[in-house]
Amino acid sequence: MIMKAKISVIGAGFVGSTAAYTLLVNGLASEIALIDINGERAEGEALDMMHGMQFLRRAKVIYGSDYELCRDSDITVICAGAHQQTGETRLDLAAKNAKIFKSMVPEIARRNRGGIILVVANPVDVLTYLTLKYSGFSPDRVFGTGTALDTARFRFLLGEHFHVNPNSVHAYVLGEHGDSEFPVWSSANIAGVRLREMDGYGRKQMDGIFEKTRDAAYEVISKKGATYYSISLVISKIVRSLLSDSHDVMPVSTLLKGYYGISDVCLSVPSVLCRTGIDRRLVVPLDEAEKRKLKNLPASSKLP
Ligand SMILES: NC(=O)c1ccc[n+]([C@@H]2O[C@H](COP(=O)([O-])OP(=O)(O)OC[C@H]3O[C@@H](n4cnc5c(N)ncnc54)[C@H](O)[C@@H]3O)[C@@H](O)[C@H]2O)c1
């Protein structure tokens, strides 16, 4: 089981602070560093969590605005940066967040030579690519949450539709975490039963479920301003998988090298998670339409 791990969370906004809280509640770290350019915010969030320590597995929480706090982390989770405003796409954030990453990532990397970096800030595929570049780390130790969240949303909606637990739905959303992502219908199944053979299957309903998945962030942001609970659960699951060397398969954003002919771009494909990061990417069967969608690289891949 998980013994002793230091997890640093950079950015103590909605996502970072909820992620730190979720990691604490799940007892996944012996030490958590919560770092934000706004040190007071980090302090306020950390104090609020620490006041509940009586009810949690013991962990040290350190906080502030100094990157030195993240030294020697097993995993650093980057949630820092601007977030989407109503009507803004993830790509609109690219320029703002790329600038932040250029100065932030080298600060993290030089203090964590042996660690793993998990990128959450958007556009996550572009920022994962930039984190690789600015850290100089190997592509197996830098990856983004990618379509892990979209896949969770997809499985939730399919689970509701077919009246099964989302855990029993085997279906992926792959590609970009953004508007060009796509569902892999060709292999989607519940207990080995293809979706199109399930009672309640209808092409129109399935398309509706995917559209709802793809647009979920816009819907939540327009109603409450930000999304942070579900992404924090995704972060927590990834951290658990890494620390416990679980070899769980999750669709995360990694640097592709010859994946269906695609190279030198970060996109989500099912990947095996182990103690040192990404063990390998699985080449999943795709039909011709799905291959075309994967190869139809998002606008983000053309950004610097
Ligand atoms: N990948 C996903 O599935 C997913 C899901 C939800 C949100 N997000 C993204 O996560 C990011 C954070 O969202 P949020 O709602 O928490 O935003 P937020 O504005 O609440 O928090 C961002 C925090 O980053 C801090 N920050 C900015 N520059 C910094 C720096 N250089 N060093 C340290 N801290 C810095 C800010 O002070 C702020 O507290 C956004 O980019 C958002 O789009 C990703």
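**Group meeting: Ala 80, helix H1 and the cysteines**

Leaving aside the neighbours within four places in sequence, Ala 80 is in contact with Ile 10, Gly 11, Phe 101, Met 104 and Ala 121. I should say at once that what we are looking at is a predicted model. Ala 80 itself sits in the loop that runs between strand E4, residues 75–78, and helix H3, residues 94–109, and at a relative accessibility of 12% Ala 80 counts as buried. For a sense of distance, Ala 80 and Gly 44 are 36 residues apart in sequence, and their C-alpha atoms are 16 Å apart in space.

Let me turn now to helix H1 and its two crossings, beginning with helix H8. The axes of H1, residues 14–25, and H8, residues 229–243, come within 8 Å of each other and cross at roughly 50°, which makes H1 oblique to H8. The crossing of this pair, H1 and H8, is right-handed. On the H1 side the contact is made by Val 15, Thr 18, Ala 19, Thr 22 and Leu 23, while H8 contributes Tyr 229, Ile 231, Ser 232, Leu 233, Ile 235, Ser 236 and Val 239. Sorted by class, the residues in the contact of H1 with H8 are eight nonpolar and four polar, with no charged residues.

The other crossing is with helix H2, residues 39–50, where the axes of H1 and H2 come within 11 Å and cross at roughly 25°, so that H1 counts as roughly parallel to H2. H1 passes H2 in a right-handed crossing. Here Phe 14, Ser 17, Ala 20, Tyr 21 and Leu 24 of H1 meet Arg 41, Glu 45 and Met 49 of H2, and by class the contact of H1 with H2 holds five nonpolar residues, one polar residue and two charged residues.

Finally, the cysteines: how many disulfides does a search of the whole structure find? The search finds zero. Why is there no bond at Cys 70? The closest cysteine sulfur to that of Cys 70 belongs to Cys 79 and is 13 Å away, which is too far for a bond, given that a disulfide needs the two sulfur atoms within 2.5 Å. For Cys 266 the closest cysteine sulfur is likewise in Cys 79, at 17 Å, and is therefore too far for a bond. As for their surroundings, Cys 70 counts as buried at 0% relative accessibility, and Cys 266 is buried too, with a relative accessible area of 3%.

How values were computed: Residues numbered from 1 in each chain as written. Predicted model: local features only at pLDDT ≥ 70, side-chain atom pairs only at ≥ 80, totals over all residues. Heavy atoms only, no water. Axes fitted to C-alpha atoms, helices over the stretch in contact; angles between N-to-C directions. Helix = DSSP H or I, 4+ residues; strand = E, 2+ residues; numbered from the N terminus. Parallel < 35°, antiparallel > 145°, perpendicular 65-115°, else oblique. Left-handed = near helix turned anticlockwise from the far one by under 90°. Contact = heavy atoms within 4.5 Å. Nonpolar A, V, L, I, M, F, W, Y, C, P; charged D, E, K, R; others polar. Buried < 20%, exposed > 50% of the residue type's maximum accessible area, 1.4 Å probe, protein only.
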